[in-house]
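The exercises below come with worked solutions. Look through the sequence and the structure first, then take the tasks in order.

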Amino acid sequence: MKKTALYIVGLVGLTLIPASVATHVGSVYMPEGCGSCHVGHGMSNEPMLSASQEDACYQCHGSVDKKSVMIASGRLSPAVSLADIEAEFDKLYHHPVENSGEHSPDERLPSFSKSQMAHAECVDCHNPHQRVHDGVNSVARVTGYSLSGQYLEEASQEYEICLKCHSEVIGGRSDADMRTQFSPVVTSMHPVTRPSSGKGQVSLTSYSQGRTTMNCSDCHRSEDPSGPRGPHGSMYKFMLSGNYSVEAEADESPLAYQFCYSCHERNSILGNESFPLHREHIVGDPFKGIPGTSCYTCHASHSSERNLFLVRFNREAVSKTQPDNRMEFRSLGAKSGECYLMCHGKSHDPARY
Ligand code: HEC
Ligand code: HEC
Ligand code: HEC
Ligand code: HEC
Ligand code: HEC
Ligand code: HEC
Ligand code: HEC
């Protein structure tokens with residue numbers, strides 16, 4: 001084992017792993033250093049991991065049983081407590097790390113080849129040789145893309161890593177192009193790529209009060225608030241931290257919009273503290289048989305290209321006015337605006353508040 005470590009260290013010069021940077025290996029919790037992950041005598045381009053891809057990581061970032069094997073073999077210190085990341089990937093909605101064989105250490109994403117299956121491996125987002133946490137985040141030093149489409153050898157923002165896969169080139173889905181959705185020139189956005197005004201919204205819970213920026217992984221992460229950070233997996237659709245019903249007709253409940261309510265107080269929203277017609281729309285009128293509708297009917301989750309307050313109408317719930325063909329929101333200043341559209345057979349032409 002010692003010999004292996006030395007042999008690989010011999011390659012360090014060639015593969016340019018800077019000694020000055022604190023690595024996984026430099027961790028006092030990995031007694032075998034390089035040998036905690038690498039085994040045997042490798043060819044210079046073969047990583048020689050003791051297990052393939054994510055399974056190599058699960059040895060220490062998986063179940064208690066897996067960790068005990070590593071502890072027993074002296075490759076992991078019993079003094080450290082590591083979260084079970086494998087359990088996150090077992091959830092219904094997760095990054096497909098189990099798809100095998102598509103990642104290569106020197107690939108350059110996004111891949112323009114559609115025959116290359118879309119994939120996501122641990123090492124697409126984490127550099128196993130670099131500092132594991134720099135005090136800000138633990139995704140430092142992997143490749144990425146800037147908002148302007150520039151390839152980056154080392155991403156410095158979390159979203160830059162996401163952009164190398166979630167931009168138009170893969171699969172050609174322009175509706176899911178995050179580079180467009182998070183372009184800093186949109187009219188309103190959840191503050192990922194540009195800070196919010198800092199004024200705050202009346203509804204914000206203590207969780208997000210005072211924060212002017214957020215990460216993609218504040219929303220796309222484990223549904224367990226005390227679970228590991230990171231967009232690994234969730235039991236909820238879109239890999240969200242909570243349930244989010246997006247149906248045009250939906251019964252309001254704390255669970256239906258749990259996701260939004262985790263940062264925007266339910267009492268504030270239903271108490272009409274901002275939009276005076278929130279309650280009427282979200283709850284509907286059960287006595288008159290008028291159904292409620294989802295936040296998704298009026299709000300985009302990422303950004304709105306043209307409107308303030310993330311207003312964007314869901315075309316499955318709302319249609320254009322006739323004969324003028326308008327579907328429009330206009331803000332008229334503080335807590336005042338108007339809408340032109342058709343909804344549940346009712347014409348807003350316009351409806352004002
Ligand atoms: C946390 C586990 C881990 C530790 C510790 C570790 N490596 Fe690696 N190493 C990996 C993984 C995973 C890959 C494959 C990376 C990929 O596929 O992109 C790899 C790849 C390599 C490669 C192949 C070339 C490359 O960069 O992809 C070399 C050489 C290497 N490691 C050397 C070392 C040396 C030397 C050390 C000790 C200083 C070390 N590794 C410590 C996990 C580790
Ligand atoms: C031999 C055990 C071992 C293996 C295998 C291993 N890790 Fe780790 N990992 C650790 C330890 C120990 C730490 C904590 C280091 C410290 O705090 O000093 C850690 C920390 C991390 C962190 C930072 C966690 C945080 O709190 O910010 C990430 C991310 C990570 N590992 C990813 C990976 C990935 C990806 C792989 C597979 C390529 C992998 N690890 C393989 C032992 C391992
Ligand atoms: C190496 C490529 C890659 C990277 C990097 C990447 N993803 Fe993904 N992502 C994927 C693939 C592949 C899927 C599965 C797509 C599918 O099943 O259609 C996915 C799915 C998702 C989904 C679920 C979408 C849905 O419709 O349910 C979300 C949310 C997501 N990724 C967020 C992120 C975030 C946030 C980041 C950055 C921290 C990121 N991704 C980085 C490849 C990547
Ligand atoms: C992780 C926390 C978080 C979650 C979850 C969240 N938001 Fe937000 N939201 C924020 C923050 C932070 C702001 C920016 C507040 C500010 O202006 O300072 C914001 C702002 C907004 C705004 C006002 C935007 C503007 O430009 O004025 C709307 C509308 C909004 N959110 C709707 C939603 C909806 C709908 C959901 C559920 C789909 C949701 N939010 C989920 C944190 C969150
Ligand atoms: C405020 C919370 C929030 C933030 C921040 C956020 N998302 Fe999302 N995201 C959502 C919600 C809610 C959905 C599902 C509903 C929708 O599509 O509007 C979603 C959907 C997605 C999807 C699936 C889209 C599709 O059409 O299938 C992907 C991929 C994604 N997000 C990636 C990202 C990336 C990458 C970032 C950061 C650049 C990010 N998200 C930031 C809340 C968020
Ligand atoms: C799509 C990108 C992506 C993929 C794929 C991914 N991670 Fe992460 N991971 C992240 C992000 C982002 C964070 C949060 C970083 C932060 O905020 O510190 C994170 C956090 C972590 C942490 C620290 C969690 C904590 O709170 O203790 C560990 C450990 C980790 N990842 C391991 C893994 C392993 C192992 C795999 C593969 C089985 C993996 N990750 C796959 C993006 C990813
Ligand atoms: C019928 C359309 C509609 C629905 C449905 C709707 N909203 Fe709104 N929302 C608006 C409008 C319009 C505004 C802007 C009000 C103004 O002019 O200040 C707004 C403003 C907001 C704001 C910013 C001000 C604040 O309160 O902090 C948040 C956050 C918000 N909505 C969250 C939600 C959530 C969460 C849901 C679902 C539970 C939801 N909205 C459902 C139309 C809607």
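**Exercise 1.** Decide which geometry the site of the iron atom of ligand 3 has, and find its protein donors.

*Solution.* The model is predicted.
Step 1. Six donor atoms surround the iron atom of ligand 3, with angles of 87 to 179 degrees among them, and the site is octahedral.
Step 2. For six octahedral donors the ideal angles are 90 or 180 degrees.
Step 3. From the protein, the NE2 atoms of H95 and H166 serve as donors, lying 1.9 to 2.0 Å from the iron atom.
Step 4. H95 sits in the loop between β1 (93-94) and α5 (122-125), while H166 sits in the loop between α6 and α7 (178-181), so the pair ties together parts 71 residues apart in sequence.

**Exercise 2.** Are the donors H95 and H166 buried, partly exposed or exposed?

*Solution.* Step 1. A residue is buried under 20% relative accessible area and exposed over 50%, with partly exposed in between.
Step 2. H95 has 22% relative accessibility, so H95 counts as partly exposed.
Step 3. H166 has 39%, and therefore H166 is partly exposed as well.

**Exercise 3.** Describe the shell around ligand 3 and say where this ligand lies with respect to the domains.

*Solution.* Step 1. There are 18 residues around ligand 3, and those that come nearest are H95, H119, C162, C165 and H166.
Step 2. Sorted by kind, the shell has eleven nonpolar, four polar and three charged residues.
Step 3. Helix α6 gives three residues, the largest share of this shell.
Step 4. Because domain 2 (95-181) and domain 3 (188-353) both contribute residues to the shell, ligand 3 lies between them.
Step 5. A polar side-chain atom of H95 is 2.8 Å from a nitrogen atom of ligand 3. For H166, a polar side-chain atom also lies 2.8 Å from a nitrogen atom of the ligand.

**Exercise 4.** Work through the iron site of ligand 5: which protein donors does the iron atom have, and how accessible are H220 and H302?

*Solution.* Step 1. The protein donors are H220 (NE2) and H302 (NE2), 2.0 Å from the iron atom of ligand 5.
Step 2. The angles among the six donor atoms run from 86 to 179 degrees, and the site is octahedral.
Step 3. H220 lies in the loop between α8 and β5 (233-234), and H302 in the loop between α11 (278-283) and β6 (303-304); the pair, 82 residues apart, links distant parts of the chain.
Step 4. H220 is partly exposed because its relative accessibility is 23%. H302, at 22%, is therefore partly exposed too.

**Exercise 5.** Which residues come nearest to ligand 5, and what kinds of residues form its shell?

*Solution.* Step 1. Of 21 residues around ligand 5, C216, C219, H220, S301 and H302 come nearest.
Step 2. The shell divides into 14 nonpolar residues, six polar ones and one charged.
Step 3. An oxygen atom of ligand 5 lies 2.7 Å from an N or O atom in the side chain of S301.
Step 4. Domain 2 (95-181) and domain 3 (188-353) both give residues to this shell, so ligand 5 lies between them.

**Exercise 6.** Classify E338 as buried or exposed, and list polar contacts of its side chain.

*Solution.* Step 1. E338 is found in strand β9 (residues 337-343).
Step 2. Its relative accessible area is 2%, so E338 is buried.
Step 3. The E338 side chain makes polar contacts with the side chains of R352, at 2.6 Å, and Y340, at 3.2 Å.

Conventions:
Residues numbered from 1 in each chain as written. Chains lettered and ligands numbered in written order. Predicted model: local features only at pLDDT ≥ 70, side-chain atom pairs only at ≥ 80, totals over all residues. Heavy atoms only, no water. Near = heavy atom within 4 Å. Polar contact = N/O pair within 3.5 Å; in protein donor to acceptor, adjacent residues only side chain to side chain. Nonpolar A, V, L, I, M, F, W, Y, C, P; charged D, E, K, R; others polar. Domains from an automatic or database assignment. Donors = N, O, S within 2.8 Å, 3.2 Å for Na, K, Ca; no water. Tetrahedral: all angles 85-135°; square planar, octahedral: opposite > 155°, others 65-115°. Helix = DSSP H or I, 4+ residues; strand = E, 2+ residues; numbered from the N terminus. Buried < 20%, exposed > 50% of the residue type's maximum accessible area, 1.4 Å probe, protein only.
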